[in-house]
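Here's a chain to walk through together. Have a look at it first, and then we'll start from a single side chain and work outwards.

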Amino acid sequence: MPNIKSAVKRDEKSKQLRAKNRADKTALKTVIKKFDAAVEGGEKTAAAESYKVAVKAVDKAAAKGLLHKNNAAHKKSAMTVKLNKMN
C-alpha cells in the first residue's frame, strides 16, 4: 500500500482505468461474437449490419490504445473474409 499521497491517488486512478479498459475490451469482444454468431447463423443482412458495428468498435479500440493497430487490422481482415465467404 502506498504511503505518499500522490502514490495513493495514482493507485486509485490506475484501478479506475483498469476497470474501464476491461469493460471496453469486454464490450468489444461481445460485438465481435455477435458478428460471428450472425455469420454462423447464415443471416447475410444481420451479418452485414453487425460487421459495420464490429469494424467501428475495433477502430475505436485501436484509437484508444486498447488494441495494437496491427491486431485491429488482423481482426478486421478476418471479419471481412468471413463476411465475403457468405456471399
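Is aspartate 36 buried, partly exposed or exposed, going by its relative accessibility? Keep in mind that what you're looking at is a predicted model. The residue comes out at 25% relative accessibility, and because buried means under 20% and exposed means over 50%, aspartate 36 lands in the partly exposed class.

What does its side chain do there? Aspartate 36 meets the side chain of lysine 82 in a salt bridge, with N and O 2.9 Å apart. That contact links distant parts of the chain, since lysine 82 sits in helix 3 (residues 69-86) while aspartate 36 sits in helix 1, 46 residues away. Lysine 82 is partly exposed too, with a relative accessible area of 37%.

Now for the overall layout. The protein chain has three helices and zero strands, giving the pattern α-α-α along the sequence. Its radius of gyration is 17 Å, whereas the globule rule gives 12 Å for 87 residues, so the chain is more spread out than a compact globule. The box filled by the C-alpha atoms, taken along the principal axes, is roughly 60 × 20 × 15 Å. As for burial, 21% of the 87 residues are buried.

Back to the charges. The salt bridge count comes to five, and another one worth finding pairs lysine 20 with aspartate 24, at 2.9 Å from N to O. These two both belong to helix 1 and are four residues apart, which is about one turn of the helix. Lysine 20 is partly exposed at 44% relative accessible area, and aspartate 24 is partly exposed at 22%.

Aspartate 24 has a second partner: lysine 64 forms a salt bridge with it, the closest N and O atoms being 3.8 Å apart. Here lysine 64 lies in helix 2 (residues 44-64) and aspartate 24 in helix 1, so the pair ties together parts that are 40 residues apart in sequence. Lysine 64 itself is exposed, at 56% relative accessible area. Through shared partners, Lys20, Asp24 and Lys64 are joined into one network.

One last stop is on the surface. Arg18, Arg22, Lys25, Lys29 and Lys33 form a positive patch there. Take lysine 29 as an example: it is found in helix 1 (residues 5-41), and its 52% relative accessibility makes it count as exposed, because the cut-off for that class is over 50%.

Methods. Residues numbered from 1 in each chain as written. Predicted model: local features only at pLDDT ≥ 70, side-chain atom pairs only at ≥ 80, totals over all residues. Heavy atoms only, no water. Patch = residues over 30% accessible without salt bridge, like charges linked within 9 Å, V, L, I, M, F, W, Y side chains within 5 Å. Areas by Shrake-Rupley, 256 points an atom, 1.4 Å probe, with all protein chains shown as cover. Salt bridge = Lys/Arg side-chain N within 4 Å of Asp/Glu carboxyl O. Lys, Arg positive; Asp, Glu negative; His and termini not counted. Charge placed at Lys NZ, Arg CZ, Asp CG, Glu CD. Buried < 20%, exposed > 50% of the residue type's maximum accessible area, 1.4 Å probe, protein only. Rg over C-alpha atoms; globule rule 2.2 N^0.38 Å.
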